[in-house]
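Colleague: Could you walk me through how to read a few features of this model? I am happy to go one step at a time.
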Amino acid sequence: MVKEELRITVPSVFRCPISLDVMKSPVSLCTGVTYDRSSIQQWLESGHDTCPATMQVLQSKDFIPNLNLHRLINLWIQSSTLRPGANSPRLLPATSPAISGVRANLLMEKIESQCCVESLSKVSEFVSYCEENRRFVVRFDGFVEVIAGVLTRKCVEIEALEMAVGILYLILSENGVKERLNKLILKSNRESSFLSAIVFILQNGSPDSKVKSVRVLDSVALDSESKRRISDSQDLISVLLQLLQTNDDDGQSLNDAVTSILTTVSVTRSIKSRLIENGVVQILSNSMTEKSLKLLATFSSCSEGRSAISSNPKCAAAVVEKLLKVSKSGTEDAVVVLWSACCLNGDERVKETVAKGNGVTKILVIMQREGEGRVKMMCRDLVKALRAACKDLCLGSYETKTTHIRPC
């Protein structure tokens with residue numbers, strides 16, 4: 001039988017003002033404020049000469065044990081944690097991991113000076129707990145900047161980089177964080193170091209860290225300048241394409257994250273052309289997803305993209321296969337890709353591939369579902385373009401303005 005755990009509220013006077021944990025060895029400074037011995041020692045050894053709670057300059061750094069408080073804490077622990085049938089006292093936290101303002105400053109100093117994994121781990125645990133904790137970190141002056149700074153420093157161990165990325169990923173949805181990170185990282189002279197850190201994580205990090213690092217990067221690419229800077233990193237683009245090529249079905253989250261960032265940065269013809277030259281259409285054709293359709297639709301807006309789609313026999317077949325199996329936006333992207341290859345490029349091989357894959361029937365179903373608009377117009381054009389390739393289907397007299405599927 002599972003024993004019921006005891007949840008208790010800790011009196012605030014028993015908590016250290018720095019660590020916010022129950023004090024094990026309370027000591028008092030000359031200002032009269034009591035701290036846990038280990039916490040105040042750490043504060044003073046860091047070079048501070050003030051009382052953390054009052055910020056008064058200390059006339060003496062000596063402290064004396066607070067025996068009365070120590071005795072009260074011990075009595076409270078015994079009365080609070082000993083229950084009938086319990087073998088030993090046990091104290092369980094009633095609230096989330098806590099960080100006071102003083103403790104936050106200490107953590108920031110350690111992270112800034114040493115990239116301390118232990119300190120990053122404590123921050124990670126804190127922000128993982130609840131939205132209130134994430135808001136605390138975002139609003140605390142300089143905290144986001146210190147965490148982001150870990151990703152712009154040289155010779156940082158992979159564990160610290162992964163921790164920093166994880167923390168940023170958790171606070172991305174907080175108000176103004178994306179904009180702050182954009183200015184801190186992609187619009188400063190630290191951009192190169194940041195992108196190098198992302199590449200290092202993508203090459204050496206855990207699968208979860210890879211996904212988070214790509215999503216952080218995608219989220220802070222807010223304008224054309226930021227997108228251009230990301231796409232100008234050949235090392236980053238090469239690693240992203242390699243991940244897309246070698247990723248299997250078990251890594252769908254990473255596949256989607258990589259495809260999404262490539263779509264985000266594909267804003268100019270030169271970027272699209274560079275990605276196409278690196279074989280991205282072939283890679284997408286081998287593992288077609290809804291995100292892949294979005295990226296292919298982006299490529300189909302330029303002649304190089306349409307040519308690459310048309311020249312790859314697998315691509316059109318994979319797109320037709322996804323018709324009616326994806327969301328409304330995914331269906332629209334698929335129609336755009338087929339329309340670009342069949343109507344703008346007029347490639348007969350693509351038309352044949354679409355017809356053999358039962359593409360005409362699927363396009364007619366989409367036409368029937370769609371109201372008047374761009375997608376329906378493209379479907380009409382596709383049916384007209386595909387007639388010659390569908391001699392075995394009764395499309396010769398089919399009027400594309402009708403809203404039903406005429407039986408053969």
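Modeller: Let's start with helix length, keeping in mind that this is a predicted model. The general idea is to compare an expected span with the one in the coordinates, and the expected span is 1.5 Å times one less than the number of residues. Helix 9 covers residues 191-204, so its 14 residues should span 20 Å, and its end C-alpha atoms are indeed 20 Å apart.

Colleague: Which residues of helix 9 are buried, and what do they pack against?

Modeller: Buried here means a relative accessible area under 20%. In helix 9 that applies to Glu 191, Phe 194, Leu 195, Ala 197, Ile 198, Val 199, Ile 201 and Leu 202. The buried residues pack against helix 7, helix 8 (177-186), helix 10 (207-220), helix 11 (224-231) and helix 12 (234-246).

Colleague: Which residues touch the most other members of the largest nonpolar core?

Modeller: That core has 106 residues, and Leu 181, Leu 262 and Val 280 are the ones that touch the most other members. Take Leu 181: setting aside neighbours within four places in sequence, it is in contact with Val 144, Ala 148, Leu 168, Leu 172, Leu 186 and Val 220. Another core, of 20 residues, lies apart from the largest one and includes Val 27, Tyr 35, Leu 44 and Cys 51.

Colleague: Now the sheet, please. In what order do its strands come?

Modeller: For a sheet, look at the order, the sense of pairing and the edges. Here three strands form an open sheet in the order 2-1-3, with antiparallel pairing. Strand 2 (34-36) and strand 3 (64-65) are the edge strands, each pairing on one side only. Strand 1 (residues 26-28) joins strand 3 through two bridges in the antiparallel sense, and Val 27 has Pro 65 as its bridge partner in strand 3. Helix 1 (residues 37-45) packs on this sheet, touching strand 1, strand 2 and strand 3, and its direction makes about 95 degrees with that of strand 2.

Colleague: How many aromatic pairs are there, and how do I classify one?

Modeller: There are four. To classify a pair, check the angle between the ring planes: over 60 degrees counts as edge-to-face. Phe 126 and Phe 136 have ring centres 5.7 Å apart and planes at 80 degrees, so they are edge-to-face. Phe 126 sits in helix 4 (residues 117-129) and Phe 136 in helix 5 (residues 131-139), so the pair ties together parts ten residues apart in sequence. Phe 126 is buried, at 4% relative accessible area, whereas Phe 136 is partly exposed, at 27%. Ring pairs also link Phe 126, Phe 136, Phe 140 and Phe 143 into a cluster.

Colleague: What does Ile 171 touch beyond its sequence neighbours?

Modeller: For a question like this, leave out residues up to four places away in sequence; Ile 171 then touches Val 127, Arg 134, Val 138, Val 144 and Val 177. Ile 171 belongs to helix 7 (residues 158-171) and is buried, with a relative accessible area of 1%. Between Ile 171 and Val 137 there are 8.4 Å from C-alpha to C-alpha, while in sequence they are 34 residues apart.

Colleague: And Glu 290: is it buried or partly exposed?

Modeller: Glu 290 is partly exposed, at 31% relative accessibility, and is found in helix 16 (residues 290-299). With the same sequence neighbours left out, its contacts are Val 326, Ser 327, Ser 329 and Gly 330. Lys 322 is 32 residues away from Glu 290 in sequence, and their C-alpha atoms are 8.0 Å apart.

Definitions and conventions: Residues numbered from 1 in each chain as written. Predicted model: local features only at pLDDT ≥ 70, side-chain atom pairs only at ≥ 80, totals over all residues. Heavy atoms only, no water. Phe/Tyr/Trp six-rings, centres within 6.5 Å; stacked < 30°, edge-to-face > 60°. Helix = DSSP H or I, 4+ residues; strand = E, 2+ residues; numbered from the N terminus. Buried < 20%, exposed > 50% of the residue type's maximum accessible area, 1.4 Å probe, protein only. Contact = heavy atoms within 4.5 Å. Pairing = 2+ DSSP bridges. Axes fitted to C-alpha atoms, helices over the stretch in contact; angles between N-to-C directions. Core = buried A, V, L, I, M, F, W, Y, C linked by side-chain atoms within 4.5 Å.
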